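User: Please take a close look at one loop of this model and the elements that it joins. I should like a connected account that begins with the loop residue and works outward from there.

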Amino acid sequence: MICEISFMSSYEIRGKKRLEGEYVLQRAKNSALAVMCASVLVKGGTLIKDCPDISDVDNLSAILTRIGAVVRRTGDGLYVNTDGVYSSYLPEDLCEKLRASLFLAGPLVARFKAASFAYPGGCSIGARPIDIHLDGFSKLGAEVGKNEKRVNVFASSTIGAKIKLRYPSVGATLNVMCCAVTAKGETVVENAAAEPEVKDVADYLSLCGAKIKGAGTSVLIIDGVEKLYGGKSFTPVPDRIECGSVLLAVLATGGEVAVRGANPANICNLLQKLRDNACKLHINNDIISIITNGRAKGFEKVVTAPYPAFPTDLHPQLAACAATAAGRTEITETVFDSRFNYARQLKRFGADVTVNPNGVTINGTDLTGANVKAEDLRGGMALCIAAMAAEGVSTVEGVSHIARGYASFKEKFNALGASIAEIDP
Ligand code: UD1
């Protein structure tokens, strides 16, 4: 189950290849990771069906294994059994590898009434405080102590509470929900994140016996139960960010692609923007077909915000598409405070991108091949989209960032007609 891509690998991408064919989506990274974490609460194993073969899953598997879980790839997914977990101490070296390690805190506090974890790693896209998570633990009866390296949470018991999140943080909602499902009494979470991946975790926990109402809305009502039982299989929702990335890549390069395995309801906001652009969309159950019709047009104004608004995780990919479009795009980023590293790299293709305090302004132009470096997951995907749309050959370094979230990126795009080769330095 090792996702094989060398840390030093680069992609050599020949641009201007029309993309055609069928693209089958993976299941959502952010759901699979969160379900893996939530499974710490569940007695008996869980089979996460079609769990994506990405390095974030490998890294989280390594953390879970380190604290006593059994994790293994099976023919149809990832089997996780946390019955043997004996420690709620998460080591620094593993926490810094991925953001989702933080999502273990809630399940560990619920199970062991104590957890100690290092500040999580993840993409460098701005300050990522964890105050909302810690406030949630406190409201559920825990004591929280921290120093510059670690956070220690201790709760002699966890007790249901009324909690209003300062911001609908995805991770904090997951942690509070997981901690509350076995707390005594009722917990009401207001201003909860409504992302499909949060609803997915609630569905998984409910399958195992949790009592959660309102998942997928901004108010969660959780009735604490004593224990959760596994022995279940759970299939995460389709990866809406991969779906959006592919649709934007096709719009940028030109082509005709059927994206299979999608949940169109989960990316309505992007689909609406594409409908106003130079393409036709056909939606047939889980297939979204895109047929481009000339050069992409600028997107005018786009504002990222929590679900169901335009997702921040598609901001860089939309910017790459806009960089090669005819016309202007203004993206306002309201979720993360500095998700703009990709912009400096896009300029190397000749893109006309200006970074403002809260966003970017892009005037579309012809892009030419360049040597660029991926600095984070979605930014890395954006650079690959720009390279596929550019005239000539590009080199994208740092592609291990892309392997964190996109399974078989090179193979899946080459099957559509892209020209992507992996090169070791
Ligand atoms: C998750 C996703 C990430 C996505 C993000 C927003 C995973 C592994 N990651 O990240 O891909 O981009 O949701 O959709 O699922 N905040 C605070 N204090 C906190 C928590 C968050 O100020 O305690 C702020 C963050 O700094 C950020 C905003 O809230 O500005 C959103 O963060 P959050 O929703 O928590 O994102 P993650 O759960 O880290």
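Analyst: N191 sits in the loop that lies between strand 12 and helix 7. The model is a predicted one. The phi angle of N191 is near 60 degrees, a positive value in a residue that is not glycine. Most residues other than glycine have a negative phi. With a relative accessibility of 28%, N191 falls in the partly exposed class, because that class covers values between the 20% limit for buried and the 50% limit for exposed residues.

On one side of this loop is strand 12, residues 186–190, which pairs with strand 14 in the antiparallel sense through five bridges. Within that pairing, T187 has I222 of strand 14 as its bridge partner. Strand 14 spans residues 219–223, and its side chains alternate: L220 and I222 point to one face and are buried, whereas V219, I221 and D223 point to the other face and are not buried. This follows the general rule that side chains in a regular strand alternate between the two faces of the sheet. The bridge partner of T187, I222, therefore belongs to the buried face of strand 14.

Strand 14 also has strand 13, residues 211–213, as an antiparallel neighbour, joined to it by three bridges. One of the residues involved is K211, whose bridge partner in strand 14 is D223. D223 is on the face of strand 14 that is not buried. Strands 13 and 14 make a hairpin with five residues between them, and in its turn G214 has a positive phi of about 90 degrees.

On the other side of the loop is helix 7, which comprises residues 196–207 and includes P196. P196 has a relative accessibility of 8% and counts as buried, since the limit for that class is 20%. The C-alpha atom of P196 is separated by 9.1 Å from that of R240, a residue 44 positions away along the chain. The buried residues of helix 7 are P196, E197, V198, D200, V201, A202, Y204 and L205. As to its length, the 12 residues of helix 7 should span 16 Å at 1.5 Å a residue, and the end C-alpha atoms are 16 Å apart, so expectation and model agree. After helix 7 comes G209, with a positive phi near 115 degrees.

A second non-glycine residue with a positive phi offers a comparison for N191. E300 has a phi of about 60 degrees and is found in strand 20, whereas N191 is in a loop. E300 is exposed, at a relative accessible area of 62%, while N191 is partly exposed. Strand 20, residues 300–304, pairs with strand 21 in the parallel sense over five bridges. The chain passes from strand 20 through helix 10, residues 315–323, to strand 21, and this β-α-β crossover is right-handed. In the pairing of these strands, V302 has I331 of strand 21 as its bridge partner.

Strand 21, residues 328–333, has a covered face formed by T329, I331 and E333, and an uncovered face formed by R328, E330 and T332. I331, the partner of V302, is thus on the covered face. Strand 21 also pairs with strand 23, residues 359–363, in the antiparallel sense over five bridges. There T332 has G359 as its bridge partner in strand 23, and T332 is on the uncovered face of strand 21.

The loop between strand 20 and helix 10 holds P308. The peptide bond from Y307 to P308 is cis, with omega near 10 degrees. Most peptide bonds are trans.

Finally, the ligand. It is surrounded by 19 residues, of which I132, S169, V170, D313 and V335 are the closest. A backbone N or O atom of I132 lies 2.7 Å from an oxygen atom of the ligand. A polar backbone atom of G171 is 2.8 Å from a ligand oxygen atom, and an N or O atom in the side chain of R166 is 2.9 Å from a ligand oxygen atom. Taken alone, the ligand exposes 740 Å², and the protein buries 90% of that area.

Key
Residues numbered from 1 in each chain as written. Predicted model: local features only at pLDDT ≥ 70, side-chain atom pairs only at ≥ 80, totals over all residues. Heavy atoms only, no water. Buried < 20%, exposed > 50% of the residue type's maximum accessible area, 1.4 Å probe, protein only. Helix = DSSP H or I, 4+ residues; strand = E, 2+ residues; numbered from the N terminus. Pairing = 2+ DSSP bridges. Right-handed = clockwise from strand over helix to strand, strands pointing away. Near = heavy atom within 4 Å. Polar contact = N/O pair within 3.5 Å; in protein donor to acceptor, adjacent residues only side chain to side chain. Areas by Shrake-Rupley, 256 points an atom, 1.4 Å probe, with all protein chains shown as cover. Expected span 1.5 Å × (residues − 1).
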